[in-house]
Amino acid sequence: MSEILPPCPKCSSEYTYEMNALMVCPECGNEWVSAGATADDASFSGERVVKDAVGNVLSDGDTVTVVKTLKVKGSPSGIKAGTKVRNIRLVDGVDGHDIDCRIDGFGPMQLKSSVVKKA
Ligand SMILES: [Zn+2]
């Protein structure tokens, strides 16, 4: 550990240390996110960026196209590749489902951003 850690933003103590992605100050008990940890860690960044299958940034209200056929419970055909989905809403869904939308013939759905492409 030769890395120089930033002082505590609360009491400016120099005896801070890193614990997982958090910085900890032993003097005042302050815990904060160190600057270097935010880039790739969505859970620590205030603004979440959702990207589609090819890396376009998605936003609320976008129209996307499904890039691969998705199985849907109770539907023999599923959602076909090429299906257009209008007016998506970005959500913090379960199991990586970060798009909330409505698909014609299926109703409300949650999709993963990795299976769509911005139209
Ligand atoms: Zn402190």
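**An all-strand chain with a four-cysteine zinc site**

An open sheet of 3 strands has the order β1-β2-β3, and its pairing is antiparallel. Strands here are DSSP runs of E with at least two residues, and helices are runs of H or I with at least four residues, both numbered from the N terminus; two strands are taken to pair if DSSP finds at least two bridges between them. The edge positions of this sheet are held by β1 and β3, each of which pairs on one side only. On average, neighbouring strands of the sheet are turned by 35° against each other, direction ignored; the underlying axes are lines fitted to C-alpha atoms (for helices over the stretch in contact), with angles running from 0 to 180 degrees between N-to-C directions.

The structure is a predicted model, in which local features need pLDDT of at least 70 and side-chain atom pairs count only at pLDDT 80 or more, while totals for chains, interfaces and linings use all residues. Residues are numbered from 1 along each chain as its sequence is written, and side-chain values use heavy atoms, with hydrogens and water left out.

In the protein chain, 11 strands and 0 helices are assigned. Of its 119 residues, 29% are buried, where buried means under 20% relative accessible area, exposed over 50% and partly exposed in between (1.4 Å probe, protein chains only). Among the contacts with a separation of 6 or more, 34% are accounted for by residues 24 or more positions apart, a contact being defined by heavy atoms within 4.5 Å.

Within the sheet of β1, β2 and β3, the antiparallel pairing of β1 with β2 extends over 3 bridges. Met19 lies in strand β1 and stands opposite Leu22 in β2. With a relative accessibility of 38%, Met19 counts as partly exposed. Between Met19 and Val33 the C-alpha to C-alpha distance is 9.8 Å, at a separation of 14 residues in sequence.

The zinc ion is coordinated by the SG atoms of Cys8, Cys11, Cys25 and Cys28, at 2.3 to 2.4 Å. Donors are N, O and S atoms within 2.8 Å of the metal (3.2 Å for Na, K and Ca); water is not among the atoms, so sites may look incomplete. The arrangement is tetrahedral because the 4 donor atoms subtend angles of 107 to 114° around the zinc ion. Four donors count as tetrahedral if all angles lie between 85 and 135 degrees. The spacing of the donor residues in sequence is C-x2-C-x13-C-x2-C. Distant parts of the chain are linked by Cys8, in the segment before β1 (17–19), and Cys25, in the loop between β2 (22–24) and β3 (31–33), which are 17 residues apart. Cys8 is buried, with a relative accessible area of 3%, and Cys25 is likewise buried, at 1%.

Asn30 occupies the loop between β2 and β3 and is buried, with a relative accessible area of 13%. When neighbours within four places in sequence are set aside, Asn30 is in contact with Cys8, Pro9, Lys10, Met23, Val24 and Cys25. Two of the zinc donors, Cys8 and Cys25, thus appear among the contacts of Asn30.

The largest nonpolar core comprises 16 residues, and those with the most contacts inside it are Ile79, Val85, Cys101 and Leu111. Such a core is a set of buried Ala, Val, Leu, Ile, Met, Phe, Trp, Tyr and Cys residues joined through side-chain atoms within 4.5 Å. Two or more residues are given to this core by each of β6 (64–66), β9 (99–103) and β10 (107–111), and β9 gives the most, with 3 residues. Beyond four places in sequence, Leu111 touches Val66, Leu70, Ile79, Val85, His97, Asp98, Ile99, Cys101, Ile103 and Val116.

The side chains of β9 alternate: Ile99, Cys101 and Ile103 point to one face and are buried, while Asp100 and Arg102 point to the other and are not. Strand β8 (residues 89–90) pairs with β9 in the antiparallel sense over 2 bridges, and Arg89 stands opposite Asp100. The antiparallel strands β9 and β10 are joined by 5 bridges. In β10, Leu111 is the bridge partner of Ile99, and Gly107 is that of Ile103. The hairpin of β9 and β10 has 3 residues between the strands, and Gly105 in this hairpin takes a positive phi near 85°.

Key:
Tetrahedral: all angles 85-135°; square planar, octahedral: opposite > 155°, others 65-115°.
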